[in-house]
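Please look through the sequence and the model shown below before reading on. The report that follows moves from a pair of helices to the chain as a whole and then to single residues.

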Amino acid sequence: MPKSHSQHNFEACKFLLGDGKYLDWVVTTAFYSALHLVQEEIFPFRDDEGYEYSSFEQYYSKTLDEGVKISKHQSTIKLVEQRIKGAGNLYRNLHDLCRTCRYRNYHVSPKKAKVAKSYLQN
């Protein structure tokens, strides 16, 4: 049986943290592991109107059709806050750490890399 996307990224995260050279990628792989993990946890689900969503892409496409204009990442954050008790802040913080290290500055301290991995594990 092939590894899930979340497991693959988690293993890359652990490897990169141990290596210590690419801490920006520790944060990035932690975030993308979390993204796949929460999507695996959330889907499929049925909304309050009885509509069943089998995947994130189906959910996101329907929200666009209904005129909701937010990014896929913001849509995922919203879903996590609504559907996974206690994970909203951890997921949002991991998303924000990833954006900072990927788009503003690739220099990440070992402490922030460990924090990112701990958000994922929690």
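At what angle do helix α1 and helix α2 pack, and how far apart are their axes? Helix α1 (residues 5–19) and helix α2 (residues 23–42) pack at an angle of about 160 degrees, and their axes lie 8 Å apart. That angle makes α1 roughly antiparallel to α2, where angles under 35 degrees count as roughly parallel, over 145 as roughly antiparallel, 65 to 115 as roughly perpendicular and the rest as oblique. Axes here are lines fitted to C-alpha atoms, for helices over the stretch in contact, and the angles run from 0 to 180 degrees between N-to-C directions.

This is a predicted model, in which local features need pLDDT of at least 70 and side-chain atom pairs count only at pLDDT 80 or more, while totals for chains, interfaces and linings use all residues. Residues are numbered from 1 along each chain as its sequence is written, and side-chain values use heavy atoms, with hydrogens and water left out.

**The chain as a whole**

The protein chain has six helices and two strands, and from the N terminus on its elements run α-α-β-β-α-α-α-α. Helices (H or I, at least four residues) and strands (E, at least two) are DSSP runs, numbered from the N terminus. Along its principal axes, the C-alpha trace of the protein chain spans about 50 × 35 × 25 Å. Of the 122 residues in the protein chain, 39% are buried, where buried means under 20% relative accessible area, exposed means over 50%, and partly exposed lies in between (1.4 Å probe, protein chains only). Among the contacts in the protein chain with a separation of 6 or more, 53% are between residues 24 or more positions apart, a contact being heavy atoms within 4.5 Å.

**Two helix pairs**

Two packed helices are described by the angle between their axes and the distance between the axes. In the first pair, H5, S6, N9, F10, A12, C13, L16 and L17 in α1 meet residues of α2 that include L23, W25, V26, T29 and A30. The residues of this contact of α1 with α2 divide into eleven nonpolar, six polar and one charged, with Ala, Val, Leu, Ile, Met, Phe, Trp, Tyr, Cys and Pro counted as nonpolar, Asp, Glu, Lys and Arg as charged, and the others, Gly among them, as polar.

The axes of helix α3 (residues 56–65) and helix α4 (residues 72–83) come within 11 Å and cross at roughly 105 degrees, and α3 and α4 are therefore roughly perpendicular to each other. The contact is made by F56, E57, Y59 and Y60 of α3 together with K72, S75, T76 and L79 of α4. By class, the contact of α3 with α4 has four nonpolar, two polar and two charged residues.

**Residues within the helices**

The table lists relative accessible areas for three residues that lie in helices.

| Residue | Helix | Relative accessible area |
|---|---|---|
| F56 | α3 | 6%, buried |
| D24 | α2 | 15%, buried |
| S75 | α4 | 2%, buried |

Which residues does F56 touch, leaving aside its neighbours within four places in sequence? F56 is in contact with Q39, F43, K72, S75, T76 and L79. F56 and L79 are 23 residues apart in sequence and 9.6 Å apart in space, C-alpha to C-alpha. With neighbours within four places again left aside, S75 is in contact with F56, Y59, Y60 and I70, while D24 is in contact with C101, Y106 and V108.

**Cysteines and a loop residue**

How many disulfides does a search of the whole structure find? The search finds zero disulfides, a disulfide being a pair of cysteine sulfur atoms within 2.5 Å. The sulfur of C13 is 11 Å from the closest cysteine sulfur, in C98, which is too far for a bond, and C13 is buried, with a relative accessible area of 0%. C98 is in no disulfide either, as the nearest cysteine sulfur, that of C101, is 5.1 Å away, and C98 counts as buried at 2% relative accessibility.

Finally, S109 is found in the loop between α5 (88–104) and α6 (110–121), and S109 is partly exposed, with a relative accessible area of 33%. The C-alpha atoms of S109 and H5 are separated by 26 Å, and these residues are 104 residues apart along the chain.
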